[in-house]
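This report describes selected features of one protein chain. The sequence and the structure are shown first.

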Amino acid sequence: MGAVIAEALPYQTLRVRAAQDVCFIQIHRPDANNSINDRLIEEFTAALDRCSPEIKVVVLEGSPEVFCFGADFKGLQQSFQATGRPAVMDPEPMYELWRRLASGPYVTIAHVRGQANAGGMGFVAACDMVICDDKATFSLSELLFGLMPACVLPFLVRRVGFARANYMTLMTEPIAAKTALEWGLVDDCAADSGNLLRKKLLRLRRLSKSAIYRYKRYAQHLDDTLEAAKSKALEANVEVFSDRANLQKIARYVSTGQFPWEAE
């Protein structure tokens, strides 16, 4: 296949294309705010599996309006209403996907336009580099629904430190691109982020594949926090998403648009 991945596969949640030694993976669930479901995690993992050995850079994108809005609340609501009980959720494939973005044998770039929220922040924080347009926003809304960004936090703390990750978790409000740049969540920002991405790729393509591979392998040994945090992150994620009260809040929000603090 050379430097081409299996682009013709029937992805339902992604658009995938290769351009020489760069793989572009776009989250494409326009009717669901580019939210995360099991299918997206499976397809994204498969897309990485099918990257040829020549791929040096993986670029993750969403739409101009929404990068990724987090967990698929509608899917959770439908499952809860159909069964009347919390679904058995396994967060490990998602955590492992993010860890692959952090440690895989390629440079990973999150190109953020629009909103990155909740689980979408996991994709952002896992990448080696983050660039965005000047209208992008970043938020963790989980606590509003009694949830927590359990699997996101190891990646986010690694990028911006505990204090700022803690602030974003507690405040639940979006931060603007300028603030994200100041905090180190974003590495570069421009009104025309597409042109900014092209400039980064021109530079990164000068690196050899072997140099990237060796560096990423070495960097893993310098920082083992993602492995150390994994068991606690998965345990906390399962706990909050198995809570009936939390799922009832989610179901009401999907059905009525009312937030948990609003009266019936």
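The paragraphs below treat aromatic contacts, a helix, a pocket and some single residues.

**Aromatic contacts**

The model is predicted, and it holds 11 aromatic pairs. Phe145 and Phe259 make up one of these pairs, with a tilted arrangement. Their ring centres are 6.3 Å apart and the planes meet at 45°. The angle is neither under 30 degrees nor over 60, so the pair falls into the tilted class. The two residues come from distant parts of the chain, 114 residues apart. Phe145 belongs to the loop between β8 (137-139) and α5 (153-160), while Phe259 lies in the segment after α11 (244-256). Phe145 counts as buried because its relative accessibility is 4%. Phe259, at a relative accessible area of 27%, is partly exposed.

Another pair is formed by Tyr167 and Trp183, and this pair is edge-to-face. The centres are separated by 6.0 Å and the planes by 85°. This contact also links distant parts of the chain, here 16 residues apart: Tyr167 sits in helix α6 (residues 162-171) and Trp183 in helix α7 (residues 177-183). Tyr167 is partly exposed because its relative accessible area is 39%, whereas Trp183 is buried at 17% relative accessibility. The cut-off for buried is under 20%, so Trp183 is placed in that class.

One aromatic cluster consists of Phe44, Tyr95, Trp98, Phe123 and Phe155. A ring also takes part in a contact with a charge: the charged end of Arg17 sits over the ring of Phe24, at 4.0 Å from the ring centre.

**Helix α10**

Helix α10 covers residues 225-241, which is 17 residues. From its first C-alpha to its last the helix reaches 24 Å, close to the 24 Å expected at 1.5 Å a residue. Helix α10 nevertheless has a kink of about 35°, centred on Ser231. Its buried residues are Leu226, Lys230, Ala233, Leu234, Ala236, Asn237, Val240 and Phe241.

**The second largest pocket**

The second largest pocket has a volume of about 460 Å³. Its lining is made of 24 residues, and those nearest the centre are Ala102, Asp128, Arg158, Lys216 and Ala219. Helix α10 is one of the elements that supply at least two lining residues each; the others are α3 (92-103), α4 (119-126), α5 and α9 (209-222). The largest share, 6 residues, comes from α9.

**Single residues**

Two residues have a positive phi although neither is a glycine, as the table shows.

| Residue | Phi | Place | Relative accessible area |
|---|---|---|---|
| Asn34 | about 50° | loop between β2 (22-27) and α1 (38-49) | 3%, buried |
| Ala118 | about 50° | loop between β6 (115-117) and α4 | 7%, buried |

Asn34 is buried because its relative accessible area is 3%. Ala118 is likewise buried, with a value of 7%.

Arg244 is found in helix α11. At 40% relative accessibility, Arg244 counts as partly exposed. How far apart in space are Arg244 and Asn195? Their C-alpha atoms are 46 Å apart, and the two residues are 49 residues apart in sequence.

Technical notes:
Residues numbered from 1 in each chain as written. Predicted model: local features only at pLDDT ≥ 70, side-chain atom pairs only at ≥ 80, totals over all residues. Heavy atoms only, no water. Phe/Tyr/Trp six-rings, centres within 6.5 Å; stacked < 30°, edge-to-face > 60°. Helix = DSSP H or I, 4+ residues; strand = E, 2+ residues; numbered from the N terminus. Buried < 20%, exposed > 50% of the residue type's maximum accessible area, 1.4 Å probe, protein only. Lys NZ or Arg CZ within 6 Å of the ring centre and 35° of its normal. Expected span 1.5 Å × (residues − 1). Bend = angle between axes of the 7 residues up to and from the residue. 1 Å grid on protein atoms, 1.4 Å probe; cavity = no way out; pocket = protein on both sides within 12 Å on 5 of 7 lines; lining within 4 Å. Points joined across faces, edges and corners; volume = space filled by probe spheres on them.
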